[in-house]
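Student: Could you take me through the cobalt site closely, and then show me how it sits in the rest of the fold? I'd like the cut-offs as we go.

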Amino acid sequence: MPDLKPLYDAVVGGDAKTTQALTQQALAEGVDPLALVNEYMIPAMDEVGRRFECNEYFVPELLISARAMKGALDILRPLMAARGDQPAGRVAIGTVKGDLHDIGKNLVASLLEGGGFEVIDLGVNVPPEKFIAAIKEKQANIVAMSALLTTTMPAMKTTIEALRQAGVRDQVKVLIGGAPITQKYAEEIGADGYSENAVGAVALAKKSMATAA
Ligand code: B12
């Protein structure tokens, strides 16, 4: 594998042009798209978060780093989502109400597509009603929720309660994830599964379909 530290530096520095160029170059040299994401880009965003925490970075820097990572993911997404014929299941995915973070959610969506799932992407700031509509109108088998803020985590619980009240909780498996989420929290709020990363999300979704059958 070539030395890709410059790719990490480009995401941390918010240099979208260099991030895209280095991504293209790495792909041309045969580097696995997922390795680029897991070994360089996600650690780079972690470093961005660390700098934000200690006031070295502010929201504009978060935004430009996020834009750099998104630009690279635009190139990588189609490569990660080469899909099979029969959908393995239908997943309604979204970032919960009040939360605008979508990089991780998009990554999970791409890998689910790559894993053969049909993905209904509800976007960010998704209220419970939208998840309910996706189950009723699009026959989603799985609801996947993402949250990156401790203040928006409770929206996952609210959504699960709303599914129950709408009488659709038993029709779906509910999977949750995002940086502040834990297995313990998933159990507390009655979710069916949690994974700390996108690869684990696909494994969980496959397991959910197997146990739902
Ligand atoms: C980029 C970023 C932003 C960007 C988001 C751009 C975008 N389009 O997403 C912008 C600038 C908009 C932003 C805004 C804010 N942010 Co912000 N942000 C980040 C940052 C640096 C990176 C997040 C990221 O994309 N990580 C990379 C992705 C790939 O990782 P991920 O999302 O965790 O996803 C992985 C897993 O969690 C998992 N996963 C994710 N979803 C799901 C779903 C399922 C079902 C499963 C199974 C798995 C799974 O798989 C993914 C891939 O492996 C984080 C720091 C961090 N390291 O997390 C702060 C961070 C999340 N933000 C933070 C804050 C405070 C904010 C703001 C409140 C700042 C402000 N004062 O305005 C606002 C809130 C806006 C809002 N209402 O949502 C804090 C949250 C603190 C807290 N405890 O709640 C963090 C932790 C920074 C910090 N260290 O303080 N942010």
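Tutor: Sure, a definition to start: buried means under 20% relative accessible area, exposed over 50%, and partly exposed in between, with a 1.4 Å probe and protein chains only. By that cut-off, buried residues make up 47% of the 213 in the protein. This is a predicted model, where local features need pLDDT of at least 70, side-chain atom pairs count only at pLDDT 80 or more, and totals for chains, interfaces and linings use all residues. Residues are numbered from 1 along each chain as its sequence is written, and side-chain values use heavy atoms, with hydrogens and water left out.

Now the metal. The ligand's cobalt atom gets a single donor from the protein: NE2 of H101, 2.3 Å away. Donors here are N, O and S atoms within 2.8 Å of the metal (3.2 Å for Na, K and Ca); water is not among the atoms, so sites may look incomplete. H101 itself is in the loop that links β1 (90-95) to α5 (103-114).

Zooming out, there are 9 helices and 5 strands, taken as DSSP runs (H or I, at least four residues; E, at least two) numbered from the N terminus. Read from that end, the order is α-α-α-α-β-α-β-α-β-α-β-α-β-α. Of the contacts (heavy atoms within 4.5 Å) with a separation of 6 or more, 73% join residues 24 or more positions apart. As for overall dimensions, the C-alpha trace spans about 50 × 45 × 25 Å along its principal axes.
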